[in-house]
Amino acid sequence: MGRISIGVPGLDKMLHGGLIPGRIYLVKGGPGMGKTTLSMHFLMEGVRKGEGALYITMEEPAAHIKTDMGKFGFNVEHPNLKIIDATPTGTKTNILGDIRYMEFGISFDKLIAGIKDILKEERYTRIVIDPITMVRVILNNEAAYRKTFLLFVNTLISNDATIILTMESDEVGVEEYLANGVIELFKFVERGKVLRGIGISKFRGSSFDEEIRPYRITNRGVEVYHNESLFMGEEY
Amino acid sequence: MKLGIPKLDKLLGDIKPGALILISTVGDLGISIVIQALKKNSGGKVILVTSRLEKQLKRVPGLENSKYLTLGKDFGPQELFRVTHLMKELPHQQLIGVLFLQPLLIFHPPITVYRFLLELADIAISHDFVLVTIIDKRLIDDRTLAMFEELSTYVIDIIEVLEGFHIKRGIRIKKSPNNITGFYTLDVKNGNADIGEPLE
């Protein structure tokens, strides 16, 4: 089975070779843990290889994303990277063609239709929706959300793209069951200092490193220390 | 490899790459053994220290060219993984002095420090390092000390006995692939460890 790099060498090692393409993965973690940065590594790895990459931001305005990710050295202006701002900010109303932001609040189908249109126009092999949590907030109905999320997953899968969805760590939802893989970002605080850990809790079709490994967010983005251990006592 | 202290080298025998030498001691007694070994070693040497100790050691003649990995400045105590990561990137066949187990035992539970030392011991084997470390046995209980000793290739045991107003210090080889010994007298003069006659 072929593999694609997630763009972070240490995490590729933990995934025993990288992601299986054409599947959906979930990246879970609290605020500031590096979900967006990790997702951008994934997209830029595709860009580096000449693939089309699509990033849909549901929370942070695209301008902020570009500024923040640019600081890590990501070429966010690369023509192979398309960033769609699906946030309710400023005076912008149209986010996907003629689809307006507020319509998301009425129907998740609108988002799916919009993405479908984009995928018809251009080929994107890597897609990130950051965070998927926002859609749940907008729909505010668990049954409707599950139904539309399934539809959404099927739509994306049928386009052979590899998809990363991000969500907050304290949530367990339908996404976790439907995703083919789940990568979790953990934060441990001791004596006022933060230690970050990354773990893979699920990866269908592959073996994987089951230990939580340390990672850091540096000026080059996310660095995973796949050979190292989190040295913590038994009280953790 | 030899530590550079003739009497101790005779007691220990030849030290093979991959060995972990644990000096189980009281306070800083025994640190002079590590420093002497580092000074005498003509090959690559790396010292894992606290930033406070780094400042002191950098003034010691013979240690100027050592590489220092500093806990508390370059690494927070929560980032021990960075130490092991850097260790794995070092050239093989280095002498490594690990001089920060004491503060680690203050900051972390013993099991954390044990796991860290276990990782260092594994790196020593894969990279042909010789590790020398000291641990103040007053900071840990007997069970934990036994765990550390089990991990080590050699255990050098240092004791301090108060007889009236007179302090008597002893040193012995408690664990070794070669042979174990009884106690010998230990004196530290001008920063040098001097091992004398067997103690009765």
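Modeller: A nonpolar core here is a set of buried Ala, Val, Leu, Ile, Met, Phe, Trp, Tyr and Cys residues joined through C-beta atoms within 7 Å. This model is predicted, so local features need pLDDT of at least 70 and side-chain atom pairs pLDDT 80 or more, while totals for chains, interfaces and linings use all residues. Residues count from 1 along each chain as its sequence is written, chains are lettered from A and ligands numbered from 1 in the order written.

Colleague: Which residues have the most contacts inside the largest nonpolar core?

Modeller: B:Leu48, B:Leu99 and B:Leu131. That core has 119 residues. Helix α6 (residues 110-127) of chain B gives the largest share, seven residues. B:Leu131 touches B:Leu20, B:Ile21, B:Ile96, B:Val98, B:Leu120, B:Ala121 and B:Ala124, leaving out residues up to four places away in sequence. Touching means C-beta atoms, placed from the backbone, within 7 Å.

Colleague: What makes B:Val132 buried or exposed?

Modeller: B:Val132 has 27 other C-beta atoms within 10 Å. Buried takes 20 or more, exposed 12 or fewer, partly exposed lies in between. So B:Val132 is buried. B:Val132 is found in strand β5 (residues 130-136) of chain B. Beyond four places in sequence, B:Val132 is in contact with B:Ile21, B:Val34, B:Ala37, B:Gly97 and B:Val98.

Colleague: Why is chain B called as compact as a globular protein of its length?

Modeller: The radius of gyration of chain B, over C-alpha atoms, is 16 Å. The globule rule (2.2 Å times the number of residues to the power 0.38) gives 16 Å for 200 residues. The two are close, so chain B is as compact as a globular protein of that length. The C-alpha trace of chain B spans about 45 × 35 × 35 Å along its principal axes. Of its 200 residues, 38% count as buried.

Colleague: How do you know that β2(B) pairs with β4(B)?

Modeller: Pairing takes at least two DSSP bridges. Four bridges join β2(B) to strand β4 (residues 95-98) of chain B, and the two run parallel. B:Ile47 stands opposite B:Gly97 in β4(B).

Colleague: How many bridges join β2(B) to β3(B)?

Modeller: Five, to strand β3 (residues 67-71) of chain B, again with parallel strands. B:Leu48 faces B:Leu69 in β3(B). Strand β2 (residues 45-50) of chain B is mostly covered, with five of its six residues buried.

Colleague: What makes up the side of chain B that touches chain A?

Modeller: Five nonpolar, six polar and three charged residues. The contact takes 14 residues from chain B and 14 residues from chain A.

Key
Contact = placed C-beta atoms within 7 Å. Nonpolar A, V, L, I, M, F, W, Y, C, P; charged D, E, K, R; others polar.
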